[in-house]
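Let's take a look at how a couple of helix pairs pack against each other. Here is the structure in question.

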Amino acid sequence: MPSRRTVLAAGAGLTAALAVAGSGGPAHADDRRLRALISRMTLEEKVGQVFVTRVYGHSATAPDPADADTNEAELGVRTAAELIDRYRVGGVIYFTWAHNTRDPLQIADLSNGLQRASLGRPRGLPLLISTDQEHGIVARVGAPATLLPGAMAVGAGGSRADARTLGRVAGRELRAMGIRQDYSPVADVNVDPANPVIGVRSFGADPDAVAALAAAEIRGYQDAGIAVAAKHFPGHGDTAVDSHTGFPVITHSRAEWERLDAVPFRAAVAAGADSVMTGHLLVPALDDSGDPATLSRPIVTGLLRERLGYDGVVVTDALDMAGVRTKYGDDRVPVLALKAGVDQLLNPPKLDLAWNAVLRAVRDGELTEARLEESVLRILRLKDRLGLFTEPYVRRDRVGRTVGTRRHRAIADRLAERTTTLLVNAPEREGAARPLPLSPREHPRLLVVGADPVSPTGTTGPPTGVLAAALTALGFTATALSTGTDPSAATADRAVAAAGAADAVVVLTYNVTAGSPQQALVERLSATGRPVVAVAVRNPYDVAHLPGVRAYLAAYSWTDVELRAAARVMAGAVRPRGKLPVPVGRADDPERVLYPVGHGLTY
């Protein structure tokens, strides 16, 4: 690992000059030094600072040949180091599918390699390395790193202290691997049960509760020295369209936006959120131009900057998403985003096209260099506040002492135990025992069937196997049989036959809809006469479609930590404590509430 002296020297004077006074004090205390730094940057270097890009491979200089080929095809370079040299980007985002996140030590080495490549250039600056580590169903860094409950599970727990603890633990692990910006938390209020993209990534449907938990999690990340990004401004919680694949329209009035969507973002700003991420969605009541929020000056500058008083970094959601590419071409999107008031341009589909478009816009006068420098200043302020000018590298010997430790995993389990929500626990007849908790004495043989969604990180699951193993460790003899999210009749037949040899059946449900094969499978299993316990491993709304199930739990995710917690609740090792953070409407009349916010049974 390079010494501190080597680190400072690598910046060819710029980084060393900033290091003199450190990174403490008020956010804008060092603007004079930062402006002096900017004055010595070339226009191309300033353009590079506003870009955050993907790059393929586990190494900055020696990726696998297939990743090098993909880099060449998509980015015009073979390695991350070459990309940094060519575009002088301000940040890099890690993805599992880009093969950036194999294991904690490799991630730390990649981070150091990227920083070395950037700092080794003339006037080199440290990178802001980022990822989406929301936990729950969205995570890029997998086991052996600690995986924690997702936002809606935290919402079910309802504890600000737990939300802050989650941010602190997650942040410490990210920092140990050299990741200093996390695109989390989701500050959207999930008021549409059909929302295909937010759902359990939201803390819930109550704007005040979402605000309190988002602010607490932000403070936890800040405790660990991690920059957050509250997302997706101005609010992505009330849409049935996924902005990855379409262009959502939010029909809230201005008053509804103030009452629902704005509340968590106000709290995030008050909590000192380091960055705010824009959403690629249309809100006609806030801007009737037809432009997505990411490209809307009335929304980014008028609302976020001026009305909410936010002067931190504004980052776009990924620019390769359909929601921002519907109206304009890939060369216009980055320019319009900067004109709207955005600072960081995240993952454009064609970096060379986007980079050159911004460069050309400044040279042609469409964007002033002063406007570009405003964004560069905000980005450098953030890097300075994070200490990246003085300590850009991470130490390998600290990775194992921080990432995935026994203490952190125990904290994750304790947090998850407080989130599992018991929705239904009805006796078969009056005076009879309730189905839960299960007992190894009365129900020694368990069959675990149902959906086995793919692991968010590729390092956990399969869910039925994880749950069966957890129940076996609690004294049962549990057998797993994956039936999937769309079980065929033959698969259902196998499950029903296997239920005959079990004393009780546990079935994992995943986004059940009326008339779906999952619904038919659960109904057939219930008809066997065996006790059936259902666990919703994504949206808690599943329970409305299965009124015949006498015991229903909501786990809010299919990740190992939440399944282990559900097993302990089922076995009576811990009492269920979670409360619904969203209302569940009736299947036949969604406007009528079946289970309200705050519903949750216990033993």
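## Helices 10 and 11

Start with helix 10 (residues 207-223) and helix 11 (residues 254-270), whose axes sit 8 Å apart and make an angle of about 20°. Helices here are DSSP runs of H or I with at least four residues, numbered from the N terminus, and axes are lines fitted to C-alpha atoms over the stretch in contact, with angles from 0 to 180 degrees between N-to-C directions. The two are therefore roughly parallel (an angle under 35 degrees), and their crossing is right-handed (the near helix is turned clockwise from the far one by less than a right angle).

Helix 10 brings Pro 207, Asp 208, Val 210, Ala 211, Ala 215 and Ile 218 to the contact, while helix 11 brings Arg 259, Leu 260, Val 263, Pro 264, Ala 267 and Ala 268 (contact means heavy atoms within 4.5 Å). Sorted by type, that gives 10 nonpolar, no polar and 2 charged residues.

## Helices 3 and 15

Helix 3 (residues 31-39) and helix 15 (residues 369-385) have axes that come within 10 Å and cross at roughly 125°. That makes helix 3 oblique to helix 15, and this crossing is right-handed.

On the helix 3 side you'll find Asp 31, Arg 33, Leu 34, Arg 35, Leu 37 and Ile 38; helix 15 answers with Glu 373, Val 376, Leu 377, Leu 380, Arg 381 and Asp 384. The split is 6 nonpolar, no polar and 6 charged.

## Fine print

This is a predicted model, where local features need pLDDT of at least 70, side-chain atom pairs count only at pLDDT 80 or more, and totals for chains, interfaces and linings use all residues. Residues are numbered from 1 along each chain as its sequence is written, and side-chain values use heavy atoms, leaving out hydrogens and water.

How values were computed:
Parallel < 35°, antiparallel > 145°, perpendicular 65-115°, else oblique. Nonpolar A, V, L, I, M, F, W, Y, C, P; charged D, E, K, R; others polar.
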